[in-house]
Amino acid sequence: MTYDWRLRRAASADASAVAMVAAASFLETFAGILPGSDIVAHCARNSSPEKFAGWAGDPATVVTIAEHPVGEAPVGYSVLTSPDLPMDVLPGDIELRRIYTLSVARGTGLGHRLMALALADAAALGAKRVLLGVLSTNVRARTFYEREGFVLAGTRRFNVGAGWYDDVIYARDL
């Protein structure tokens with residue numbers, strides 16, 4: 001089925017909606033993979049409305065919200081911002097800190113549309129390379145990023161709740 005997803009730049013007023021889809025998509029993605037208490041703690045700390053309002057108000061950050069064409073419910077989002085990765089960050093680097101869709105959107109092309117817009121936004125901000133981190137065992141996401149032209153660039157340990165996990169870092173030149 002083809003959808004005409006609505007993608008737009010999120011404003012501070014959208015922070016609660018983006019936070020809701022952020023927590024829901026993180027839970028959907030990692031339930032059964034990470035401990036539930038770690039998921040809940042991570043979302044409380046990193047996906048609050050205040051966090052998204054701050055990003056939405058930062059001129060160096062782009063938060064995109066994806067809305068369902070029927071009723072405009074939030075179903076996905078991305079966050080493009082300054083890199084916070086344990087590697088040599090070069091001038092012109094930007095991090096795709098988050099890109100998620102709810103399962104209702106899987107297989108519809110929304111992920112590709114969010115990625116295409118994030119890459120275009122990165123270029124518009126003057127970025128030369130996009131970086132992102134992903135759980136090393138998240139095969140679905142890794143396959144998606146590789147299909148989108150990203151290549152391995154490093155590793156990191158990433159904290160989720162009380163746990164530490166192995167991530168890989170991908171990069172894509174613009």
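Two residues are in contact when heavy atoms of theirs lie within 4.5 Å. This report uses that term for a predicted model, and begins with the surroundings of one tyrosine.

**Y170 and its neighbours**

Y170 belongs to strand β7, which covers residues 163-173. Because buried means under 20% relative accessible area, Y170, at 0% relative accessibility, counts as buried. Apart from neighbours within four places in sequence, Y170 is in contact with V130, L131, L132, V134, R142, Y145, E146, F150, V151, L152 and A153. The C-alpha atom of Y170 is separated by 9.5 Å from that of G149, a residue 21 places away along the chain.

Two of the residues in contact with Y170, R142 and E146, also make polar contacts with the side chain of Y170, as the table sets out.

| Side chains in polar contact | Distance |
|---|---|
| Y170 and R142 | 2.9 Å |
| Y170 and E146 | 2.5 Å |

**The nonpolar core**

In soluble globular proteins, nonpolar side chains tend to be buried together. In this model, the largest nonpolar core comprises 48 residues, and F52 and Y145 have the most contacts inside it. The element that gives the most to this core is helix α1, residues 15-30, with seven residues.

Y145 is also a partner of Y170: leaving out residues up to four places away in sequence, Y145 touches I99, M115, L132, V134, F150 and Y170.

**The largest pocket**

Y145 appears again in the description of the largest pocket. This pocket holds about 1100 Å³ of space and is lined by 45 residues. Of these lining residues, I99, Y100, N138, A141 and Y145 lie nearest the centre of the pocket. I99 is thus one of the residues touched by Y145 and one of those nearest the pocket centre.

Strand β4, formed by residues 93-101, gives the most to the lining, with seven residues. By type, the lining divides into 19 nonpolar, 13 polar and 13 charged residues.

**H42 in helix α2**

A further residue to consider is H42, which lies in helix α2, residues 36-46. With a relative accessible area of 5%, H42 is buried, since the cut-off for that term is under 20%. Not counting residues up to four places away in sequence, H42 touches F26, S47, F158, N159, V160 and G161.

**Summary**

Y145 links several parts of this description: Y145 is one of the two residues with the most contacts inside the largest nonpolar core, is among the residues nearest the centre of the largest pocket, and touches the buried residue Y170.

Methods
Residues numbered from 1 in each chain as written. Predicted model: local features only at pLDDT ≥ 70, side-chain atom pairs only at ≥ 80, totals over all residues. Heavy atoms only, no water. Core = buried A, V, L, I, M, F, W, Y, C linked by side-chain atoms within 4.5 Å. Buried < 20%, exposed > 50% of the residue type's maximum accessible area, 1.4 Å probe, protein only. Helix = DSSP H or I, 4+ residues; strand = E, 2+ residues; numbered from the N terminus. 1 Å grid on protein atoms, 1.4 Å probe; cavity = no way out; pocket = protein on both sides within 12 Å on 5 of 7 lines; lining within 4 Å. Points joined across faces, edges and corners; volume = space filled by probe spheres on them. Nonpolar A, V, L, I, M, F, W, Y, C, P; charged D, E, K, R; others polar. Polar contact = N/O pair within 3.5 Å; in protein donor to acceptor, adjacent residues only side chain to side chain.
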